[in-house]
Amino acid sequence: MTAPDWSGQRATRCVWCGSSFESAGVRRRYGRAICGHCGSGTTDPVPTAESLDAAYGDWYWPEAGQRFSLVGDRLLRFSRASMASRIDRVAPAGRILDVGAGEGTLINALAARGREVRGLERNSGHASIENREIHEIGEDGGFAGIVLWHSLEHMGAPRQIVTEAARLLEPGGVIFIAVPNLASLQAATFGDLWLHLDLPRHLFHPTSRALQAGLGEIGFEITRVSPTRAGQLVIGWLDGMVARLPGQLNLYHSLRRRLARRVEVGAGKRAAAIAAGVILLPFAVLAAGIEIVSGRPGTIYVEARRV
Ligand SMILES: [Zn+2]
């Protein structure tokens, strides 16, 4: 694979632990540099704002709740409702902030449970979602829970985001994080083709261990780690398996609605990708089971309490 050109500079330090890549131990890979100190990946070269805008385009969130075809969007709403129920149970009484709120499915589910909610997301039309960054929220404290649901990996300064979250949480407040796990079996199996690398939109590629260690350093106490709750394990395997077939099939994009695709997928290739996905599904489920049992799941979910 040719090296990506996001018209940016080489990454010089780890976005998570801050270690300099000048020192020994950094491994440069396609589109990412692996930190010799903490093992996390930093997207490399660093994409410019323009190249990121182009990478997101208008396909990523075409219209609220209209990303996936088949039963995808319904499944998404169901899993967010389950997550909202957990957040409501685990966080102390008070407001919840959803950083990277997407189309607002999770905050809708939290509001339905009677929680006061705020969301942050760029270009959202949702009434409770503001187009601003976490450091622009002035007041210290005041939040009982902060959610980073598959959003921390999209941020160029994840360490600062979590530090800001610690500032905004009341003592005893809980941070809820779901991210891909670079130390997973599926990341190792598919390498540059791994779905959850999602270059250049993902700027940070944490390992489970590095994420937990960093949270501890910032002042959080880890209260729960789950290999299943962050979801997207089976699709990670299935997309990688289909991508390895001849014909350059792209299952993930084939499952999205037409307007929500980054690339146009022809009807024949779309049918082939979905057919291959159906056939390979049992193997993907098995592989996901193996990575869960082996302690190297494709995504991780961490809850941590601000002490
Ligand atoms: Zn590092």
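What share of the contacts in the protein chain with a separation of 6 or more comes from residues 24 or more positions apart? The share is 72%. Keep that in mind while touring this predicted model.

**Whole chain**

Show the cartoon. The protein chain has nine helices and 11 strands. Its radius of gyration is 19 Å, close to the 19 Å from the globule rule for 307 residues, so the chain is as compact as a globular protein of that length. Along the principal axes, the C-alpha atoms fill a box of roughly 55 × 50 × 40 Å. Colour by burial next: 42% of the 307 residues count as buried.

**Glycine 8**

Select glycine 8, in the segment before β1 (27–29). Is this residue buried, exposed or partly exposed? Glycine 8 has 18 other C-beta atoms within 10 Å, so it is partly exposed; a buried residue would need 20 or more. Now show its contacts beyond the neighbours within four places in sequence. They are Pro45, Val46, Pro47, Thr48 and Ser51. For a distance check, pick the C-alpha atoms of glycine 8 and proline 180. They are separated by 24 Å, with the two positions 172 residues apart along the chain.

**The open sheet**

Move on to β1. Four strands form an open sheet here, in the order β1-β2-β3-β9, with antiparallel pairing. β1 and β9 (204–205) are the edge strands, each pairing on one side only. Zoom in on β1 and β2 (residues 32–34): three bridges join them in the antiparallel sense. Label arginine 29 and find arginine 32 in β2 opposite.

**Around β5**

Select β5, residues 117–120. Which residues make up its covered face? Val117 and Gly119 do, while Arg118 and Leu120 are on the uncovered face. Add β4 (residues 95–99), which pairs with β5 in the parallel sense over four bridges. Leucine 97 stands opposite arginine 118. Trace the chain from β4 to β5: the path goes through helix α3 (residues 105–112), and this β-α-β crossover is right-handed. Then add β6 (residues 129–130), which runs parallel to β5 and is joined to it by two bridges. Glycine 119, from the covered face of β5, has isoleucine 129 in β6 as its bridge partner.

**Helix α6**

Select residues 208–218, helix α6. Show Ser208, Ala210, Leu211, Gly214 and Leu215 as sticks; these residues are buried. Why do they lie on the same side of α6? They cover an arc of only 170° around the axis, which puts them there. Their packing partners are α4 (158–168), β8 (169–180), β10 (220–226) and β11. At the end of the helix, click glycine 219. Glycine 219 follows α6 and has a positive phi, near 115°.

**Helix α7**

Finish at residues 233–243, helix α7. How many of its 11 residues are buried? Nine are, leaving α7 mostly covered. Select Leu233, Ile235, Gly236, Trp237, Leu238, Asp239, Gly240, Met241 and Val242 to see the buried set. Then bring up what covers it. The cover includes α5 (185–190), α8 (251–255), α9 (267–293) and β11 (299–306). Keep β11 selected and return to α6: the buried residues of α6 pack against β11 as well.

Notes: Residues are numbered from 1 along each chain as its sequence is written. This is a predicted model: local features need pLDDT of at least 70, side-chain atom pairs count only at pLDDT 80 or more; totals for chains, interfaces and linings use all residues. A residue is buried if 20 or more other C-beta atoms lie within 10 Å of its own, exposed if 12 or fewer, and partly exposed in between; C-beta atoms are placed from the backbone. Two residues are in contact if their C-beta atoms, placed from the backbone, lie within 7 Å. The arc is that of the directions from the helix axis to the C-beta atoms. Two strands pair if DSSP finds at least two bridges between them. The radius of gyration is taken over C-alpha atoms; the globule rule is 2.2 Å times the number of residues to the power 0.38. A crossover is right-handed if, with the strands pointing away from the viewer, the path from the first strand over the helix to the second runs clockwise.
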